[in-house]
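Q: Please take a close look at the salt bridges of this structure. Where should I look, and what surrounds each place?

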Amino acid sequence: MEALDQLFIEAGTLMLAGMVFVFAFLGLLVVIINAVLTPLASKFPDPVAQSVTRPTLKKPAPQQGVSPTVVAAISAAVSQYRQKHKE
Amino acid sequence: MEQLNTLWMSTGLANFEMGQVIMMLVGCGLLYLAIARNFEPLLLVPMGFGAILTNIPLAGFSEVGGLLHYVYYAGIDTGIFPLLIFMGVGAMTDFGALIANPKMLFLGAAAQFGIFATLFGAIALNAIPGFEFSLQDASAIAIIGGADGPTAIFLASKLAPELLGAIAVAAYSYMALVPIIQPPIMKLFTNEEERKIEMAQLRHVTKFEKVIFPLAVLLMAIFFLPSAAPLVGMFCLGNLMRECGVVDRLSSTAQNELINIVTIFLGLGVGSKLSAEAFLNVETLGILALGAVAFSIGTTSGVLMAKLMNKLSKDPINPLIGAAGVSAVPMAARVANKVGLEANPHNFLLMHAMGPNVAGVLGSAVAAGILLALVGS
């Protein structure tokens, strides 16, 4: 019985230490994302977004139909979606 | 006449023991669940078949010289298979929803309470005669609450290899049962109004963030929890290959061919541990019961944490997504989405639930690292 009590105390300590550590670890990750990653992200925007906007600036939008870049983007998204939901 | 006798003695029929027959039936049961009920078929088919093979009398699959013996020692005893699977899971995981709303990490952390509470429960079972779980055994059983197959197998192979079969069966069965176990608990702890809460649309996440994120996670594992580094490291490698955009071939291999090959052998290797002497005992029943408890507590604590955060945060948070904190990607997120749709047909929670869902994967890897560091020899 004494051995069991001892085990209970160890399990309790483990539970406490474990939960504190999990929260501390993931909490620190939240801080890192908010304090470092997100601010940095605005300095390094997606290169894709730029290359999409640039050609439309050069060629003042062909009015009839959908622009080829939009078609390309949509078809890429569709094929990606299909691939992901293949199963 | 003597030759006839020798021939008879070399048949399976003459050598069957009761335990082997029962374990073959257990293997057939797993095959039934996989094929007819579609329960985690990718793993349960090789696992169920492995259970049948390992119990064939005289065939010696799991003895020295037998195929399953080597599969187990090469891949599972060393921890290689679960780690390779983890790399593939990393390559399949999109952290975008989590980076867009990092607070969701707290939900992934809260759901890990299922693990640590079950650890306590496993020790409490020792009060019943017939149970003798050491702290190592209890930790390996508790990780079922992480709802993460490879993590559970990895930890069990390190801490309690003799319980591995039962733990793997429990972990994968309950993962398949997530759509049945979770909704009643989610509904019990939330009211109709809370389930209807709509959440703000997630912001766009840039490629830069997605590339840096796995490196940041790895750095934290290096600094604070090296015992989780095998799991976290392989996971981050897979994720980096996915997001960096220059090794699409490797990323595609990790999330398709490689993970498929490893899954076959992982299933067979785990199946080889389903022998009568290791599985047919009262401890297995205890493990199955504790696994269900672990899942339920994890779901509950995730939901309660989400309720708390909803009260404190200025952006509304639907408490249902807290249940997705128990990894089980992507099943748990789909369940949250489904229960949300029942309350409000215009409320799509799937993307929001993916945040806590992938946070749960990180959370259970961290929890496994803690258990390894504290009770591993």
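A: Start with B:Glu194. This acid is buried, at a relative accessible area of 12%. Buried means under 20%, exposed means over 50%, and partly exposed lies in between (1.4 Å probe, protein chains only).

The model is predicted, so local features need pLDDT of at least 70 and side-chain atom pairs pLDDT 80 or more, while totals for chains, interfaces and linings use all residues. Residues count from 1 along each chain, chains are lettered from A and ligands numbered from 1 in written order, and side-chain values use heavy atoms without hydrogens or water.

Now find the partner. The side chain of B:Glu194 meets that of B:Lys307 in a salt bridge, 3.4 Å from N to O. The term asks for a side-chain nitrogen of Lys or Arg within 4 Å of a carboxyl oxygen of Asp or Glu. Side chains of opposite charge can pair when their charged atoms come close.

Where do the two ends sit? B:Glu194 belongs to helix α14 (residues 192-196) of chain B. B:Lys307 belongs to helix α19 (residues 282-312) of chain B. The pair links distant parts of the chain, 113 residues apart. Helices here are DSSP runs of H or I with at least four residues, and strands are runs of E with at least two, numbered from the N terminus.

Move on to B:Glu209. The side chain of B:Glu209 forms a salt bridge with that of B:Arg203, at 2.7 Å, N to O. B:Glu209 has 0% relative accessibility, so it counts as buried. B:Arg203 has 34%, so it counts as partly exposed.

Next comes a bridge with two partly exposed ends. The side chains of B:Glu342 and B:Lys187 meet at 3.1 Å, N to O. B:Glu342 lies in helix α20 (residues 331-343) of chain B, and B:Lys187 lies in helix α13 (residues 178-188) of chain B. These residues are 155 residues apart, and their pair also links distant parts of the chain. B:Glu342 is partly exposed, with a relative accessible area of 48%. B:Lys187 is partly exposed too, at 37%. A third residue joins them: B:Lys187, B:Lys338 and B:Glu342 are linked in a network of salt bridges.

Step back to the whole structure. A search over all chains finds 7 salt bridges. Between chain A and chain B the count is 0. Yet the two chains do touch. Helix α1 (residues 2-43) gives the most to the side of chain A that touches chain B, with 27 residues. In total, 32 residues of chain A are in contact with 47 residues of chain B; contact means heavy atoms within 4.5 Å.

What does chain A look like on its own? Chain A has 3 helices and 0 strands. From the N terminus on, its elements run α-α-α. Of its 87 residues, 20% are buried.

Finish with two other buried spots in chain B. B:Thr93 sits in the loop between α6 (80-92) and α7 (96-100). At 7% relative accessibility, B:Thr93 counts as buried. Leaving aside neighbours within four places in sequence, B:Thr93 is in contact with several residues, including B:Arg242 and B:Glu243. B:Phe235, B:Asn239 and B:Val358 are also among them. B:Ser173 is found in helix α12 (residues 164-176) of chain B. B:Ser173 is buried as well, with a relative accessible area of 16%. B:Ser173 and B:Gly96 lie 77 residues apart in sequence and 29 Å apart in space, C-alpha to C-alpha.
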